[in-house]
Amino acid sequence: MTRLYEDDAELYDIAFDWDISAEADWLVERLQATTVLEPGCGGGRMLEALADRGCQVVGFDRSPRMVEISRRRLGARGEVFEADMTHFDLGRTFDGAVCPINTLLHLSPAELGRHLHWTARHLERRARYLVQVGLVVADQEPFAGSHWEASRGETSVKVDWVDEELDVVQGVSRQRSRIEVLAGPRAGEIVEEVHVMTAWTPATWTGAIEASPFELVATYDGGTSGEWPRVDSTATGGLLWHELAL
Ligand SMILES: C[S@@+](CC[C@H](N)C(=O)[O-])C[C@H]1O[C@@H](n2cnc3c(N)ncnc32)[C@H](O)[C@@H]1O
């Protein structure tokens with residue numbers, strides 16, 4: 001299990017807690033759903049944003065620390081469970097589901113297949129599943145990476161997230177995250193980790209969706225600030241949103 005999602009989940013939650021209000025508005029409009037599920041919900045930032053917009057939200061995560069943070073954040077505004085995305089049974093269905101910020105890249109192709117199977121069983125007919133999954137092409141250089149600073153209370157952190165290695169043929173990328181605590185009780189600490197993720201191309205991703213109970217309805221570019229223009233299914237980029245329907 002990734003340390004950043006376990007022992008250092010609090011730091012992850014601070015590092016990724018940027019303003020997602022415009023994105024949440026857009027998601028709510030696309031989903032047209034009252035009840036929304038978020039598999040791999042982490043610290044619940046998206047669950048909270050969706051709950052603030054009137055959705056009844058349910059999330060789950062494999063990390064007990066993330067579940068704890070989500071529950072603390074949401075209080076009575078939503079439910080959060082400990083469960084695995086590759087095999088889960090919540091005993092109910094939803095009108096829509098979301099999975100932001102490349103969470104699905106943590107799953108191997110076989111695991112993604114199982115995840116889509118189980119997610120489909122939790123959705124009503126015509127429900128949308130909006131997933132944010134970056135796509136790459138064979139001759140592509142690794143992305144330069146993302147670098148930013150974030151703070152909450154006394155704690156401030158500097159984050160570097162870099163693609164170290166991209167093997168499109170094997171469908172694997174190695175991404176290094178480095179979080180340096182600049183201020184607060186843990187000032188001076190550095191949390192560094194390598195994440196082995198699946199690298200999808202437009203072709204392999206489309207094939208994986210075709211082999212699932214879902215169809216790919218549309219793809220949107222989530223990298224342009226404040227706008228989510230529709231793009232072709234052959235588009236590449238780190239922050240693409242894919243609209244899946246049953
Ligand atoms: C990149 S974080 C994103 C969290 C959240 N979706 C967000 O937007 O902030 C990925 C999350 O997926 C969870 N995760 C990874 N593999 C999982 C699995 N097989 N089942 C459930 N959760 C998983 C991790 O514990 C982590 O909280």
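The following conversation asks how several labels given to parts of this predicted model are justified.

Reader: What makes Asp-61 a polar contact of the ligand?

Author: An oxygen atom of the ligand is 2.6 Å from an N or O atom in the side chain of Asp-61, and because a polar contact is a pair of N or O atoms within 3.5 Å, this pair qualifies. Two nitrogen contacts pass by the same rule: a ligand nitrogen is 3.1 Å from an N or O atom in the side chain of Asp-84, and a ligand nitrogen is 3.2 Å from a polar backbone atom of Arg-62. Taken alone, the ligand exposes 600 Å², of which the protein buries 97%.

Reader: Which residues come nearest to the ligand, and how is the shell around the ligand divided?

Author: There are 18 residues around the ligand, and Glu-38, Gly-40, Arg-45, Asp-61 and Met-85 come nearest. The shell divides into nine nonpolar, four polar and five charged residues.

Reader: Why is there no disulfide between Cys-41 and Cys-99?

Author: A disulfide is a covalent bond between the sulfur atoms of two cysteines. The sulfur of Cys-41 has its closest cysteine sulfur in Cys-99, at 9.7 Å, and since a disulfide needs the two sulfur atoms within 2.5 Å, this pair is too far apart for a bond. A search of the whole structure agrees, finding zero disulfides.

Reader: Why are Cys-41 and Cys-99 called buried?

Author: The word applies to residues under 20% relative accessible area. Cys-41 has 5% and is therefore buried, and Cys-99, with 0%, is buried as well.

Reader: How do you know whether the rings of Trp-26 and Trp-228 are stacked or edge-to-face?

Author: A pair of aromatic rings is described by the distance of the centres and the angle of the planes. The structure holds 12 aromatic pairs. In the pair of Trp-26 and Trp-228, the centres are 5.5 Å apart, which is within the 6.5 Å limit, and the planes are at 20 degrees, which is under 30, so the pair is stacked. Trp-26 belongs to helix 2, whereas Trp-228 is in the loop between strand 10 and strand 11, so that the pair links distant parts of the chain, 202 residues apart. Trp-26, at 11% relative accessibility, counts as buried, and so does Trp-228, at 14%.

Reader: What makes the pair of Tyr-129 and Phe-214 tilted?

Author: Their planes are at 45 degrees, which is neither under 30 nor over 60, so this pair, with ring centres 5.9 Å apart, is tilted. Tyr-129 lies in strand 5 and Phe-214 in the loop between helix 6 and strand 10, so the pair ties together parts that are 85 residues apart in sequence. Both residues are buried.

Reader: Why is Gln-32 called exposed, and Ile-101 partly exposed?

Author: Gln-32 has 67% relative accessibility, and because exposed means over 50%, Gln-32 counts as exposed. Ile-101 has 23%, which falls between 20% and 50%, so Ile-101 counts as partly exposed.

Reader: What is notable about the phi of these two residues?

Author: Most residues other than glycine have a negative phi. For Gln-32, in the loop between helix 2 and strand 1, phi is near 50 degrees, a positive value. For Ile-101, in the loop between strand 4 and helix 5, phi is near 50 degrees, again a positive value in a residue other than glycine.

Key
Residues are numbered from 1 along each chain as its sequence is written. This is a predicted model: local features need pLDDT of at least 70, side-chain atom pairs count only at pLDDT 80 or more; totals for chains, interfaces and linings use all residues. Side-chain values use heavy atoms; hydrogens and water are left out. A residue is near a molecule or strand if one of its heavy atoms lies within 4 Å of it. A polar contact is a pair of N or O atoms within 3.5 Å; within protein, one must be able to donate a hydrogen and the other to accept it, and residues adjacent in sequence count only if both atoms are side-chain atoms. Accessible areas come from the Shrake-Rupley method with a 1.4 Å probe; for residues, only the protein chains shown count as cover. Ala, Val, Leu, Ile, Met, Phe, Trp, Tyr, Cys and Pro count as nonpolar, Asp, Glu, Lys and Arg as charged, and the others, Gly among them, as polar. Buried means under 20% relative accessible area, exposed over 50%, partly exposed in between (1.4 Å probe, protein chains only). Rings of Phe, Tyr and Trp (its six-membered ring) pair if their centres lie within 6.5 Å; planes under 30 degrees apart count as stacked, over 60 as edge-to-face and the rest as tilted. Helices (H or I, at least four residues) and strands (E, at least two) are DSSP runs, numbered from the N terminus.
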